[in-house]
Amino acid sequence: MNDKLKFIKILLVLFVLMVSLGIQAEESHDPLVSIGNITRIRGVRTNQLHGFGLIIGLAGTGDSNRYGATVTSHANMLNNMGIEVTADQINSRNVAAVMVTAVLPAFAHEGDTIDVTVSSLGDARSLQGGTLFMTPLRAANGEIYAVAQGPSSIGGFNVQGAGGQEQRQNHPTVATIPNGAMVEREVEFSLSNEEIVFLLDNENSETARNITNAINQEFEEFGQRYANARTSREVVVEVPESYRNDLVAFIAEVEKLEVRPAIEARVIINERTGTISMGHNVRISTVTVAHGNLTVSIDSSQQVSQPPAFTDGETVITEETDITIEEDEAYFMLLPSTSSVQDLVAVLNTIGATPRDIIAILQNIKAQGALHAKLELR
């Protein structure tokens with residue numbers, strides 16, 4: 001009797017260990033992450049800025065006179081300074097027309113500086129050593145929010161020798177200006193101290209539920225639940241009374257909570273690069289796959305045909321065509337219903353399948369309905 005009880009206890013311990021190990025193996029695919037790293041707060045956003053400007057002071061690497069926008073802008077700039085010139089009097093390759101772009105952060109204040117990027121619009125060879133002349137930066141509503149000016153840096157070089165030889169490093173027609181723009185206008189926005197909406201970076205119902213549960217467990221008092229998942233993308237959080245006057249502290253407390261995000265079963269294929277990426281939760285039904293490579297080679301060559309001696313025939317050139325067909329051995333694979341894409345890829349790798357082969361096989365399995373995941377081609 002004692003031996004029987006001892007045997008049952010051992011089985012129970014083994015069962016618990018197997019279950020716990022299984023759970024740990026499954027959870028290890030989705031690590032714990034902070035809520036602040038997978039969400040953003042509604043209304044807190046950046047704004048794109050842009051402007052047309054001129055890079056001056058280039059060492060003969062700017063736009064040629066063929067690009068009229070640069071010549072006209074150059075003349076207008078001088079005229080605005082009281083120097084009267086016409087466009088046909090401009091003959092210099094020391095100036096380049098550029099598009100200036102920047103990102104205005106949320107809660108930026110007047111006097112803050114932001115980085116800008118300048119990109120050549122004309123036929124300039126390099127923006128190295130140039131200086132961006134004062135350029136207003138506008139948002140999508142047409143209002144000016146910042147003004148950019150300063151020396152540009154391409155992070156490389158572009159040197160051209162007398163014989164036309166050219167040495168280039170990095171992209172010489174795009175430059176950056178760290179802290180090159182000053183914010184002149186603020187975007188008015190204030191957070192509500194009653195309700196905050198957290199938006200998930202990746203829409204997922206399970207992740208939204210996990211975030212809701214984590215917030216409610218942390219702040220629940222007297223049975224009151226503050227968080228509610230309105231949709232699979234939105235989690236609405238009521239600000240507790242004790243945090244109404246300290247909203248930043250409440251957001252910090254919420255964003256540091258850790259949850260386990262769920263990911264959608266998806267296989268993404270980039271046919272141009274042969275890159276395949278897939279989630280650990282992609283599954284395949286029982287399916288048989290056969291794949292072989294058929295190679296057809298056609299080789300054409302010219303042959304000289306001589307007529308027999310003492311005849312009236314002429315020497316002619318004939319076209320000979322040699323067609324060779326080679327087919328690699330087809331490999332049959334039977335995958336059980338519990339197989340994952342990782343299992344399939346492992347099998348395909350053992351037989352030397354190329355990424356192109358794997359893409360073709362995955363597309364056929366999806367067409368058959370045996371691939372239980374979204375298949376995206378890019």
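Let's start with one pair of residues: threonine 101 has threonine 117, in strand 5, as its bridge partner. This is a predicted model, and that pair is a good doorway into it. Threonine 101 belongs to strand 4 (residues 96–104), which runs antiparallel to strand 5 and is joined to it by 5 bridges. Strands of a sheet pair through backbone hydrogen bonds, either parallel or antiparallel.

Now look at the partner on strand 10 (residues 174–183): strand 5 pairs with it too, in the antiparallel sense, over 6 bridges. Here serine 119 stands opposite valine 174 of strand 10.

Next, follow the side chains along strand 5 itself, residues 113–120. Ile114, Val116, Val118 and Ser120 make up its covered face, while Thr113, Asp115, Thr117 and Ser119 lie on the uncovered one. In a regular strand the side chains alternate between the two faces of the sheet.

Further along the chain there is an open sheet of 3 strands in the order 16-15-23, with mixed pairing. Its edge strands, strand 16 (275–278) and strand 23 (374–377), each pair on one side only. On average, neighbouring strands of this sheet are turned by 15° against each other, direction ignored. Strand 15 (residues 266–270) and strand 16 run antiparallel, joined by 4 bridges, and isoleucine 269 has isoleucine 276 as its bridge partner in strand 16. Helix 7 (residues 355–368) packs on the sheet and touches strands 15, 16 and 23, with its direction at about 135° to that of strand 23.

Finally, step back: the protein chain has 7 helices and 23 strands, and 32% of its 378 residues count as buried.

Methods. Residues numbered from 1 in each chain as written. Predicted model: local features only at pLDDT ≥ 70, side-chain atom pairs only at ≥ 80, totals over all residues. Heavy atoms only, no water. Helix = DSSP H or I, 4+ residues; strand = E, 2+ residues; numbered from the N terminus. Buried < 20%, exposed > 50% of the residue type's maximum accessible area, 1.4 Å probe, protein only. Pairing = 2+ DSSP bridges. Axes fitted to C-alpha atoms, helices over the stretch in contact; angles between N-to-C directions. Contact = heavy atoms within 4.5 Å.
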